[in-house]
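Grab your viewer and work through these exercises. Each one sets a task and then solves it step by step.

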Amino acid sequence: MRNHGLSVVTPTFGNPDLVDAMLESCVAAGKRIDVPWEHIVVDSTPDPEEAELIRRSCDRHGASYHRRVTAVGPKRNVGINHAQYSIVLFIDSDCQATHDLFVEHLKGHEKENVAGVAGPTEMTGSDAAFVWQVVRKAKQYNHCYEWPRRYSVMGWSTTSNLSIRRDVLREVDGFDEFPLTIQGADDVDLGVRISMAGYTIISRETAVVRHSRAPMVRVRQVASRVFTYGRADGWLCKKHPQLTTYYANPFVLVASAFVIGGLLRGRAPRVARVAGPGAALFLLARETLSRHERGSGVKGLKEDAVCSLVDLCFDAGEVHAALSQLEPSGLVRRFRYVQREWFQTREI
């Protein structure tokens, strides 16, 4: 490939200390490869002092600094447009590269017909806080970080740790410039379009980045992020309807119960009064008990209940997206994140 080398692209938003640690880890990883590489940082930090700290960190670690106040995907496009080398590696600002990260990605690209290489993202830092006891059972938060250990070939992967050939990125026009949300689903959409174009994304278990738990300290932060992911799911459903499946959204079920209760008000007033609230309580109890472990006690039950509420934020986001996009089918559809034609389970 022409200009063979590695262009690392990182979108940033605040957290200058984490950004500095990420840049330092990439410098260490860069010393272990024998091809040229560069680091491109695209920042939208609103606070001038924090933005200046990030710019100084870039200067100190030899990274180029660019400003772009927009969604995460378009910020990555800025990095792609400035990339000099044949392989573009995306790593997030709250992650750190392991020493062999660059080595492993480059090895993956030596294989024939490979357009992308995905690696696992490991969470680091204390998980003793209540928020992380909740998150560990969540179905809709960071569950795909470990997929590169489960699948040998992937239709898409998170851009916390993903490298793609620059020519392929340009062929598929990079990330969507007009997503519904600031973050979420842009990596899924990119992978889907790359796979649809006939290219292959493989995984390497040894290409590891470590993701800090430090920025996430409150349950409401996780809930807000999951709600955003739900909205992004609605955007994916509209953009790729052929990759969706029927889904009984609990908010739609509860709304239907209220409607039925209203219709029964004259004939069965008692049933009418409890139809909606009863449906809501039943669905929450079912979700909570599905997570509850024997012997975990009252504390465990509390964590499971909060976890269920967090995951329901995803469903709420889907409803919001369907209504805001005037897409009624989004109320009963969900995106299929693992497509059989593109995902291959790793042989053990």
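Which residue in E10 does glycine 116 stand opposite? Glycine 116 faces isoleucine 201. Before going on, note that this is a predicted model, where local features need pLDDT of at least 70, side-chain atom pairs count only at pLDDT 80 or more, and totals for chains, interfaces and linings use all residues. Residues are numbered from 1 along each chain as its sequence is written, and side-chain values use heavy atoms, with hydrogens and water left out.

**Exercise 1. Place that pair in its sheet.**

Step 1: strand E6 (residues 114–118) and strand E10 (residues 200–203) run parallel, joined by 4 bridges. Strands (E, at least two residues) and helices (H or I, at least four) are DSSP runs numbered from the N terminus, and two strands pair if DSSP finds at least two bridges between them.

Step 2: zoom out to the open sheet, where 9 strands follow the order E3-E2-E1-E4-E9-E6-E10-E8-E14 with mixed pairing.

Step 3: find the edges. E3 and strand E14 (344–345) each have a single partner strand, so one side of each has no neighbour in the sheet.

**Exercise 2. Work out how helix H2 sits in the fold.**

Step 1: check its length. H2 (residues 48–61) has 14 residues, and at 1.5 Å a residue it should span 20 Å; the end C-alpha atoms are 20 Å apart, so that agrees. The expected span is 1.5 Å times one less than the number of residues.

Step 2: list the buried residues of H2: Ala51, Ile54, Ser57, Cys58 and His61. Buried means under 20% relative accessible area, exposed over 50%, and partly exposed in between (1.4 Å probe, protein chains only).

Step 3: look down the axis. Those buried residues of H2 fall within an arc of 115°, so they line one face; the arc is taken over the directions from the helix axis to the C-beta atoms.

Step 4: see what they pack against: strand E1 (6–12), helix H1 (16–30), strand E2 (37–43) and strand E3 (64–67). Contact means heavy atoms within 4.5 Å.

Step 5: flip to the face of H2 turned away from the buried side, which carries the exposed Pro48, Glu49 and Arg60.

Step 6: just after H2, glycine 62 has a positive phi of about 75°.

**Exercise 3. Decide whether serine 157 is buried or exposed.**

Step 1: locate serine 157 in the loop between strand E8 (151–154) and strand E9 (161–165).

Step 2: its relative accessible area is 3%, so serine 157 is buried.

Step 3: leaving out residues up to four places away in sequence, serine 157 touches Ala118, Pro148, Leu162 and Asp187.
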